[in-house]
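User: I'm new to this one and would like a close look at a single part. Could you walk me through the aromatic rings and what they pair up with?

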Amino acid sequence: MNWQRYIFFLFFSFLYAASALSQNSLTLSGTVVDSITNSPLSFATVKLENEGKVLKGVLSSDEGTFKVEAQPNQVYVIKIEYVGYVPKSIEVKATDNSNLDLGALSLSPLSQLLETLIVTGIKPNMVTTLEKQVFDSEQFEVAKGGTASDLIRNIPSVMINAEGEISVRGSKGFIIMVNGKPSAIEQSTLLSQIPANLIKKVEVISVPSARYDADGKAGIINIITKKGATDGLSVFTNIQYGLPRIKAYFNEEEPLRYGADATISYRKDKLEINAGLNYLRNDIAGRRIGDAFTIIDGTKTLFPSEGERSFVRSNYGFRTNATYSINERNEVSGGIYLGRKEQFRKANIHYQNKKEDNTRGELLSTFHYYNPNLVLKAGDFQVYNLDYLHKFSDKSSVSLSGLIENAQLNGFTKNRNLNSLNYADTLQYTLNNAANPLSASRFKIDYEKPLGTGTLSFGYQYRFQKQSGSFEYLEKTGSNQPFILNEEFSADILVENKIHGLYGMYGGKYRKLEFSGGLRYENALRTFTDFQTDNFDLQLSNLFPSVNLLYDLGKDWRVKAGYSRRVQRSTNNELNPYPEREHSETLEQGDPYIKPEFIGISEIGISKDAKKTSFYWNLYHQHITDLVNRVNSVYNDSILNRIYTNAGVANLIGTEYGITWAMVKNMKLFTGGNVYQLNISGALFENAVNVSSQGWVYSMNSNLSYKLTSSLNAQFNLSYVSARNTAQGEDSRFYQPNLSLKKSFMEGKMAVTAQWQNMSLGNMGVNEQRITTYGANFYTTTNYVQETNIIMLNLSFNFNQKESKIKLPASEFGEKEF
């Protein structure tokens with residue numbers, strides 16, 4: 001393609017120009033560390049001065065490293081500042097064009113007395129870098145004792161609905177990484193396995209570079225975890241317990257909430273070992289109230305409904321990782337993850353059906369029945385990974401990484417229609433059984449080499465995923481009748497994905513400009529077979545360019561711009577064309593012909609990081625082709641068919657902001673918001689139905705923290721998202737207010753936290769959301785009412801805990817299909 005050749009030409013021209021510019025200057029580099037623990041200090045302020053004037057400033061990386069460009073034959077002063085530490089100044093003489101590595105630069109912590117009297121600023125809880133927005137987890141006290149899901153929902157542009165589904169900038173298509181390792185798992189499942197207490201910070205990469213997988217139309221969320229002591233043993237434990245429910249939801253069972261997690265880390269000389277174990281039971285009570293109708297041949301069938309909708313959720317996992325530094329140039333690490341997750345969704349619904357003449361409104365008949373519906377989703381996961389890093393004498397490096405995963409996914413849906421006057425009288429019973437084992441592997445090799453004032457990187461990656469499923473659709477009418485297999489809705493299927501990826505990129509800094517540019521090529525083959533019809537194969541060959549720019553305006557102000565091309569691949573659930581009776585009024589199925597979405601992301605922004613205030617503001621645009629939506633059509637008079645299909649083209653334009661502000665002594669406000677307009681245009685069902693949808697969506701996440709005493713903290717949190725348009729309707733507004741109170745003991749080693757989740761006083765509509773869809777011959781609306789006023793108690797104990805990364809493995813493929 002001509003456009004592909006054009007991109008290749010621009011990419012290599014960019015590399016040549018960038019490396020040529022870098023030859024006229026040199027780089028001063030180093031690592032900022034704590035003088036006592038020797039731990040790296042992330043996001044320390046590093047300023048380059050000459051004759052008393054500040055020439056430029058940078059922030060140290062997550063590993064404490066920094067690079068600053070300078071001119072030869074000059075004398076400079078490098079000043080390093082970090083909240084809670086004594087500032088440091090060193091004189092550097094740059095005599096020639098050689099780059100200068102200053103090594104480890106240690107800062108001494110202030111004494112507790114000095115910290116109280118002198119440090120008036122706040123630790124930067126939100127920092128903008130070239131590719132990322134970085135958020136410190138310490139500012140989200142309301143999430144402590146919970147999971148990663150409870151934490152990231154507080155970040156600007158991250159939204160959550162009544163179903164617990166998380167979206168970024170309005171899209172559920174984003175990638176979760178843990179300590180820089182990509183994960184293809186389903187987001188909510190992975191996030192529920194990571195205790196919030198173990199998270200150090202969260203990075204939002206909205207315009208990813210070519211080094212990352214091209215997957216994820218809304219970008220990447222990278223979770224950075226903590227690890228143990230620099231040298232010695234570290235133990236961290238947390239126990240969580242939920243008080244009995246306050247409000248009655250008339251469910252069959254009382255919700256239970258309790259859990260515990262523990263992490264042990266040991267480091268000595270060249271060896272580091274980490275192990276973690278967690279268990280969580282996190283039920284939620286609730287109800288659903290629905291109204292729906294269909295119109296077929298002039299007859300209107302109405303089937304309003306109301307009843308229980310609750311969840312029984314549990315998961316447990318064991319993770320361990322060991323890293324061994326063979327010598328200063330070679331390092332090997334390996335990890336194991338074993339886990340299980342179960343979720344029972346109970347929907348016991350009373351239906352009051354009636355038929356009427358659609359023209360005259362004449363009542364034709366009525367029919368009432370009770371529908372107990374139980375869905376189980378379960379999965380066992382085993383993941384094994386091995387990594388190797390070699391550093392060459394010229395400061396270049398090569399890394400090898402391999403991963404193997406097996407997952408046993410299974411479940412059922414039991415859908416019974418019973419006589420409302422006699423529950424022993426079965427009118428209809430549908431049973432869906434599913435066994436969906438998965439095997440997957442990933443191999444990658446990356447090479448990095450310093451070039452001028454930047455780094456040249458390139459690499460290769462291979463991904464393979466195989467999933468064989470057996471799906472049974474059994475049904476019977478009458479209490480004493482045998483089940484009969486519906487062969488039309490039953491099948492064995494096999495789905496395979498093979499993806500080869502190559503990338504090259506160059507990134508560095510020239511004077512006040514930080515930059516990175518790259519190009520990724522991926523060749524993907526997706527095969528689908530049901531052993532009954534012809535195979536459905538999809539071969540793709542695509543280029544994914546990216547560029548990021550960050551310019552320092554001075555006085556802590558920076559502007560940035562970026563572009564990245566992405567792809568959103570379909571899950572196996574979206575491909576499976578064999579229906580499942582999700583509940584009484586719904587069949588759900590996929591489409592093996594479905595196409596992946598391709599997305600172009602553009603972004604510009606401005607940010608400022610100061611002692612008492614951090615601020616950023618971004619404008620962004622997404623152009624999405626072959627948008628995938630779950631849409632409804634009429635199956636029969638009382639059943640709607642939900643199908644995953646391509647719905648056309650979408651354009652999303654929006655703006656987001658984030659502010660951290662130390663308002664007064666002992667009080668801090670963090671607030672972030674997102675506003676976007678979503679336009680969808682296209683056609684459904686082979687152009688039988690036109691799609692044209694447009695609407696504005698806005699969301700807000702805010703935290704107000706107040707330090708009552710030196711060991712007692714309070715925090716109020718509010719998450720709000722407005723109504724959102726979809727291809728066939730609208731999702732209503734949704735919001736959750738929360739309050740937490742934390743008391744520390746034993747010089748911070750032990751803490752007790754009380755949380756009031758989903759605060760609701762009176763009829764506030766907290767934790768409720770209405771989902772509405774409609775077409776020419778149907779209408780359906782459902783109000784999901786989830787539990788409010790949940791009280792949680794957490795007890796945490798921290799023995800010799802130091803902050804850095806734990807590289808614990810996570811499920812790579814299987815949990816996505818959960």
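Analyst: Here's a tour of the rings, starting with the chain they belong to. Keep in mind that this is a predicted model. The protein chain has 818 residues, and 55% of them count as buried. Along the chain you'll find six helices and 49 strands.

Now for the rings themselves. A pair of aromatic rings is described by the distance of the centres and the angle of the planes. The count here comes to 18 aromatic pairs. Let's zoom in on one of them, Tyr473 with Phe489: their centres are 5.0 Å apart and their planes make an angle of 85°, an edge-to-face arrangement. Tyr473 belongs to strand β27, which covers residues 454–476, while Phe489 sits in the loop between β28 (484–485) and β29 (491–510). That puts the two partners 16 residues apart, and their pair links distant parts of the chain. Are these two rings buried or exposed? Tyr473 counts as buried because its relative accessibility is 3%, under the 20% cut-off. Phe489 counts as buried too, because its value is 10%.

Rings can also join up beyond a single pair: Phe135, Tyr616 and Phe670 are linked into a cluster by ring pairs.

Then there are rings with a charged neighbour. Strand β27 ends at residue 476, and Lys476 lies over the face of Phe483, 4.9 Å from the ring centre. Elsewhere, Arg169 places its charged end over the ring of Tyr620, at 4.0 Å from the centre of that ring.

Conventions. Residues numbered from 1 in each chain as written. Predicted model: local features only at pLDDT ≥ 70, side-chain atom pairs only at ≥ 80, totals over all residues. Heavy atoms only, no water. Helix = DSSP H or I, 4+ residues; strand = E, 2+ residues; numbered from the N terminus. Buried < 20%, exposed > 50% of the residue type's maximum accessible area, 1.4 Å probe, protein only. Phe/Tyr/Trp six-rings, centres within 6.5 Å; stacked < 30°, edge-to-face > 60°. Lys NZ or Arg CZ within 6 Å of the ring centre and 35° of its normal.
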